[in-house]
Amino acid sequence: MTTAVAPSSAALTAVDRCDRCGAQAYLRVELASGLELLFCAHHAREHGEKLREVAVTVTDETHKLAGTPASESD
C-alpha cells in the first residue's frame, strides 16, 4: 500500500488514485500518524468499516459517482 506524507483536506480529484488498485480515489482516510490512504469506491466499501475504526478523519466523496451522466447511444 502507498501512503502520502502530507494529508490534505482538499477535495479529491481525478489525479488522486486508490492505494489498492490505482483507480480514481473517492475516499481519503487520515490516520493518527499523519499519513493518509486513498481508496476507490469499491475498496472503500470493501474496507470501509475497518478504515473508519482507525481513521482520524474520513473524506468520503463516493456521492459524486451517482451524479455521473450515462453515455448516450445513437
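What span should the 14 residues of α1 have at 1.5 Å a residue, and how far apart are its end C-alpha atoms? The expected span, taken as 1.5 Å times one less than the number of residues, is 20 Å, and the end C-alpha atoms are 18 Å apart, which agrees.

Before I go on, a word on the basis: this is a predicted model, in which local features need pLDDT of at least 70 and side-chain atom pairs count only at pLDDT 80 or more, while totals for chains, interfaces and linings use all residues. Residues are numbered from 1 along each chain as its sequence is written, and side-chain values use heavy atoms, with hydrogens and water left out. Helices (H or I, at least four residues) and strands (E, at least two) are DSSP runs, numbered from the N terminus.

Staying with the helix, α1 bends by about 70 degrees at G48, where the bend is the angle between axes fitted to the seven residues ending at a residue and the seven starting there. G48 is also among the buried residues of α1, together with A41, H43, A44 and L51; buried here means under 20% relative accessible area, with exposed over 50% and partly exposed in between, using a 1.4 Å probe and protein chains only.

What covers these buried residues includes β1, β2 and β3 (55-60). Those 3 strands form an open, antiparallel sheet in the order β2-β1-β3, and its edge strands, β2 and β3, each pair on one side only; pairing requires that DSSP finds at least two bridges between two strands. Between β1 and β2 there are 4 bridges, and R28 has L38 in β2 as its bridge partner. The helix α1 lies across β1, β2 and β3, and runs at about 155 degrees to β3, with axes fitted to C-alpha atoms, for helices over the stretch in contact, and angles from 0 to 180 degrees between N-to-C directions.

Turning to the interior, the largest nonpolar core has 9 residues, namely C18, L27, V29, L37, F39, C40, A44, L51 and A55. The elements giving two or more residues to this core are β1 (27-31), β2 (36-39) and α1 (41-54). Such a core is a set of buried Ala, Val, Leu, Ile, Met, Phe, Trp, Tyr and Cys residues joined through side-chain atoms within 4.5 Å.

Finally, C18, leaving aside neighbours within four places in sequence, is in contact (heavy atoms within 4.5 Å) with residues including F39, C40 and H43. H43 sits in helix α1 and counts as buried because its relative accessible area is 11%.
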